[in-house]
Amino acid sequence: MKSLVYYFPEMLKALKETGVMLGISLSVGLVGGLLIGILLFIKRPNGVKPNKIIMFFLNLYVNIVRSFPFLLLVVAIIPLTRFVFGTAFGPVASSLPLSLVAIAIFGRLVEQVLLDLPKEVLELASALGTTEGQLIRYFLLKEGRSGLVLSFTSMVISLMSYSTVMGVVGGGGIGDFAIRFGYQRYEYEVMYATIIIMILIVGSIQIAGTFISKKLDKRK
């Protein structure tokens, strides 16, 4: 217990660093992933406005990033990270690889949610003569909002897991704290306490996401 009290300020600092990483990457992932997911749905071969070239490049990006081992991705784009932020260290710089992964993960999840929508939704939109913007705003996003919330929740949980790796390359965060102050110093109660905190945070996020999704589900 003494160790936990002693390292508490460092734990708060690590949680703040994780919050910065996730705050930036989730914001970028939400906007970028939503855009890519919608384009993947609309531009697919039998979509509203098919476009093979756009589909090819979007699928290429999503497939490569999602299949790339995350730690290797972080190391591979260090030059890009340095170019963008002037450094490859710290929580802000760590948000770049996390953002790239967030966009790819959420983009694919958004596409799947839209593909699962009843075909009557598109038929109604077509019959009403909606524009592409109206289709997206009033039909796709509105009808798929429950699934989109669950998808975003899944992305948040995935990124929390990825963020724990960033300490390996100087990104800081709660994963780095657990390794440096818990495992490497043989303060196992610190490490296990950190794991419990992460489990509680993830569980809370999942409960909140599921609750909001159910509230938005029109099928009830």
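**View 1. Residues 54–78 are 88% helix and 0% strand.** Welcome to this predicted model; we open on a single stretch of the chain. Between the C-alpha atoms at the two ends of residues 54–78 the separation is 27 Å. UniProt, in an unreviewed entry, lists 54–78 as a "transmembrane region", alongside residues 20–42, 84–106, 147–170 and 190–212. For another of these stretches, turn to residues 147–170: here the chain is 71% helix and 0% strand, and the end C-alpha atoms lie 35 Å apart.

**View 2. The whole chain is built from eleven helices and zero strands.** Stepping back for a moment, you can follow the pattern α-α-α-α-α-α-α-α-α-α-α along the sequence. The C-alpha trace spans about 70 × 45 × 25 Å along its principal axes. Of the 220 residues in the chain, 42% are buried. Among contacts between residues at least 6 apart in sequence, 74% join residues at least 24 apart. The unreviewed UniProt entry also carries the annotation "domain: ABC transmembrane type-1", which covers residues 15–209. Over residues 15–209 the chain is 80% helix and 0% strand, with 21 Å between the end C-alpha atoms.

**View 3. Helices α2 and α3 cross at an angle of about 135°.** Now zoom in on helix α2 (residues 8–42) and helix α3 (residues 52–67), whose axes are 10 Å apart. Angles over 145 degrees would count as roughly antiparallel, and α2 and α3 are therefore oblique to each other. Their crossing is left-handed. From α2, look for I36, L39 and L40, which meet M55, L58, N59, Y61 and V62 in α3. Sorted by class, this contact of α2 with α3 has seven nonpolar residues, one polar residue and no charged ones.

**View 4. I64 is a partly exposed residue of helix α3.** Staying with α3, you can find I64 in this helix. Its relative accessibility is 42%, which is why I64 counts as partly exposed. A useful partner for orientation is G175, which is 111 residues away from I64 along the chain. The C-alpha atoms of I64 and G175 are separated by 25 Å.

**View 5. Helices α6 and α9 cross at roughly 155°.** Next comes another helix pair, in which the axes of α6 and helix α9 (residues 145–163) come within 9 Å. That crossing angle makes α6 roughly antiparallel to α9. The crossing of α6 past α9 is right-handed. On the α6 side the contact is made by L98, V101, A102, I105, F106, L109, V110 and V113. Facing them in α9 are G147, L148, S151, F152, S154, M155, S158, L159, Y162 and S163. Counted by class, the contact of α6 with α9 holds 13 nonpolar and five polar residues, and no charged ones.

**View 6. S95 is a buried residue of helix α6.** For a last close-up, stay on α6, which runs over residues 91–115 and includes S95. Because its relative accessibility is 1%, S95 counts as buried. Which residues is S95 in contact with, leaving aside its neighbours within four places in sequence? They are M21, I24, S25 and F85.

Technical notes
Residues numbered from 1 in each chain as written. Predicted model: local features only at pLDDT ≥ 70, side-chain atom pairs only at ≥ 80, totals over all residues. Heavy atoms only, no water. UniProt positions renumbered as here; feature names shortened; annotations may be inferred. Helix = DSSP H or I, 4+ residues; strand = E, 2+ residues; numbered from the N terminus. Buried < 20%, exposed > 50% of the residue type's maximum accessible area, 1.4 Å probe, protein only. Contact = heavy atoms within 4.5 Å. Axes fitted to C-alpha atoms, helices over the stretch in contact; angles between N-to-C directions. Parallel < 35°, antiparallel > 145°, perpendicular 65-115°, else oblique. Left-handed = near helix turned anticlockwise from the far one by under 90°. Nonpolar A, V, L, I, M, F, W, Y, C, P; charged D, E, K, R; others polar.
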